[in-house]
Amino acid sequence: MSDTTEPAITLSAVGLSRSYGGKLAVDGVSLELRRGEIIGLLGPNGAGKTTTMRMITGTLAPSNGSVSICGIDLIDEPTAAKAKLGYLPEISPLYKDLRVDEYLRLAGRLHNVRRSAIAAAVERAKRRSGLSDKGRTLIGSLSKGYQQRVGIAQAIIHDPDVIVLDEPTVGLDPNQIREIRSLIRELGNDHSVILSTHILPEVEAVCDRVQILHNGKVVFADAISGLRQFRGGHSVQISLRWPPSIGEIETLVNPADVDKISDGVFRITPEKAEYDPTDALVRASVEHDWGLFQLAPAQASVEEVFVQLTQRDVADADADLPDALPGSEASTEETA
Amino acid sequence: MIFTIAGKELRSMFTSPLAWVVLAIVQSILAWIFLSRVNFFLLNQAEIARVPTYPGLTEIAVVPMFGVASIVLLMSVPLLTMRLISEERRNQTMALLMAAPISMSEIVVGKFLALIAFLMLINLMMVLMALSLLAGGTIDLGLLIANLVGLILLGASFAAIGLFVSCLTTHPVVAAILSLGVFLGLWIMNIFVSEPDSLLNLASLLKHYEGFLSGSISVTDLIYFGLLITTFLILSIRRLDADRLRA
């Protein structure tokens, strides 16, 4: 693969670490982002997502490591690098006593939008984030969902190359979440977006790639398809009223792993990803009167994924890393 | 960019009632002092004329007003500086400024200039009151200018120190009390010092302000205030940069 066929790298962070009072909050996190790509930073609370994002946006100094945005080093040339960056912090940085238009004009001026272009930039940002009719409203009197949109509008007003969104959907209702997600996908067409969240389906719905953080380290980094695979994308869960023994199911769908989850509920994971045991299971259920009432793709929950990842992290600490984990290699090397 | 920040700061000062209340109270106090001094001059004109080097209208009415103004600024500037940085930190709006392509010096100088602009309003009202005496008499313009320069420098020093203190905490009230303490300390530090060349005398705000009140603009006093202001602006910039630069 040559550089001409791949979009340009817009953000690259290498070996970022940060400690608070001797305790490492982020430990050797590396990220790379190309134009038109949406990457999700996923992790439980306290995993170091916000700290990582603050370091990427130049609002917090890393103890170690470097960040460059479109090839400009963030610590050596902060103003040049920050001009290419839009940031929505975890808590939107809103001046509640300003009107939406006033606030966006201020944000635009702070981000070097020319005086002559500012009205158009404000209109564009409002249109994209669904605020067109709210221009004259005081920010303090907007609902939480609309305030969040003002926060996003602020981050995109100067048409930045990299957009960093820290938990953009927290505290919104399902409709608002859907709208914000589709806005993020739209932004991902011509910008690079980093998004942090602790909601796994959100990453699957929006992102192209995912990095999972746990205790400040990257424990998983892959494309979304890799995450689906990891969540057991090709296994199925079957619920039966009159279940047979595990052995019976095993012989039916061989070769596959069959786990009994609870009474009458089994998870079946074929060894070959392309083999779909659904037909065989339905036929057998009718034939032997197992009372099939539910058959669905089995996906591990966020908690299960975290448990698996973190357990594997411990198990792999002494052994060589498996090839399937390109992202965690870098982080372990850093700490070694 | 500095002026964008200064403009934003001024706007938020005047959208809250605080700025208006401070302006109203300061103006009432200074006008009261001024009027009572003018009244004193009118009642005692005959006796005053009998003093060999008799003081003029400016000495009797304008200088005391500037003297009181220094105390009034000492009390009110902490209220104006307390929220400059600490409130931005508290409301998490500092992230907007920190992530924007502007340097910390631009943020600090912008906010400092906004405060100076506000203090200039108070100064302007005082100059207008002094100039109103021209309607019925003459005033010593040189003395007025020396007093004005002194008060501007004093206000700027308070602003710079208050701005720095506001960088230290996320609680505006704590910032206000701390600044007030620092101002009072600088004000009274030489109170029990008898020898004129003592270090405490050289560092005292009051000593340097007194020179301007008596009508002399000395280079020493200018340097003193210049150094004080620059030092605290640089300290503020360094304090904010500490969050951004390598830990």
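**Entry 1: two helices of chain A**

I began with a helix pair and noted that H5(A) and H6(A) are roughly parallel to each other, because an angle under 35 degrees counts as such. The model I am reading is a predicted one. For helix H5 (residues 144-156) and helix H6 (residues 174-190) of chain A, I found a packing angle of about 10° and axes 11 Å apart. I then looked up the residues that meet: Gly145(A), Arg149(A), Ile152(A) and Ile156(A) on the H5(A) side face Gln176(A), Glu179(A), Ile180(A), Leu183(A) and Leu187(A) on the H6(A) side. By class, the residues of this contact comprise five nonpolar, two polar and two charged.

**Entry 2: the sheet containing S1(A)**

I traced an open sheet of four strands in chain A, paired antiparallel in the order S2-S1-S4-S5. Strands S2 (23-34) and S5 (72-73) of chain A are at the edges with a single partner strand each, so one side of each has no neighbour in the sheet. Helix H1 (residues 49-56) of chain A packs on this sheet and touches S1, S2 and strand S4 (64-69) of chain A. The direction of H1(A) makes about 125° with that of S1(A). I counted eight bridges between the antiparallel strands S1 (residues 9-20) and S2 of chain A. As a single position, I recorded Ser12(A), which is opposite Glu32(A) in S2(A).

**Entry 3: the sheet containing S11(A)**

I next followed an open sheet of four strands in chain A with the order S12-S13-S11-S14, again with antiparallel pairing. Here S12 (256-262) and S14 (292-297) of chain A are the edge strands; each has a single partner strand, so one side of each lacks a neighbour in the sheet. From one strand to the next, the twist averages 20°. Strand S11 (residues 236-240) of chain A pairs with S14(A) through five bridges, and Leu240(A) has Leu292(A) as its bridge partner. Helix H10 (residues 278-288) of chain A packs on the sheet, where it touches S11, S13 and S14 of chain A. I noted about 175° between the directions of H10(A) and S14(A). Helix H9 (residues 246-253) of chain A lies across S11, S12 and strand S13 (265-270) of chain A, at about 145° to S12(A).

**Entry 4: the largest pocket**

I looked up the largest pocket and recorded a volume of about 480 Å³. Its lining has 19 residues, with Arg54(A), Thr59(A), Gln92(B), Met94(B) and Ala95(B) nearest the centre. The lining divides into nine nonpolar, three polar and seven charged residues. Among the elements that each supply at least two lining residues are H1(A) and helix H12 (219-244) of chain B. Which helix gives the most to the lining? I found that H6(B) does, with three residues.

Notes: Residues numbered from 1 in each chain as written. Chains lettered and ligands numbered in written order. Predicted model: local features only at pLDDT ≥ 70, side-chain atom pairs only at ≥ 80, totals over all residues. Heavy atoms only, no water. Pairing = 2+ DSSP bridges. Contact = heavy atoms within 4.5 Å. Axes fitted to C-alpha atoms, helices over the stretch in contact; angles between N-to-C directions. Parallel < 35°, antiparallel > 145°, perpendicular 65-115°, else oblique. Nonpolar A, V, L, I, M, F, W, Y, C, P; charged D, E, K, R; others polar. 1 Å grid on protein atoms, 1.4 Å probe; cavity = no way out; pocket = protein on both sides within 12 Å on 5 of 7 lines; lining within 4 Å. Points joined across faces, edges and corners; volume = space filled by probe spheres on them.
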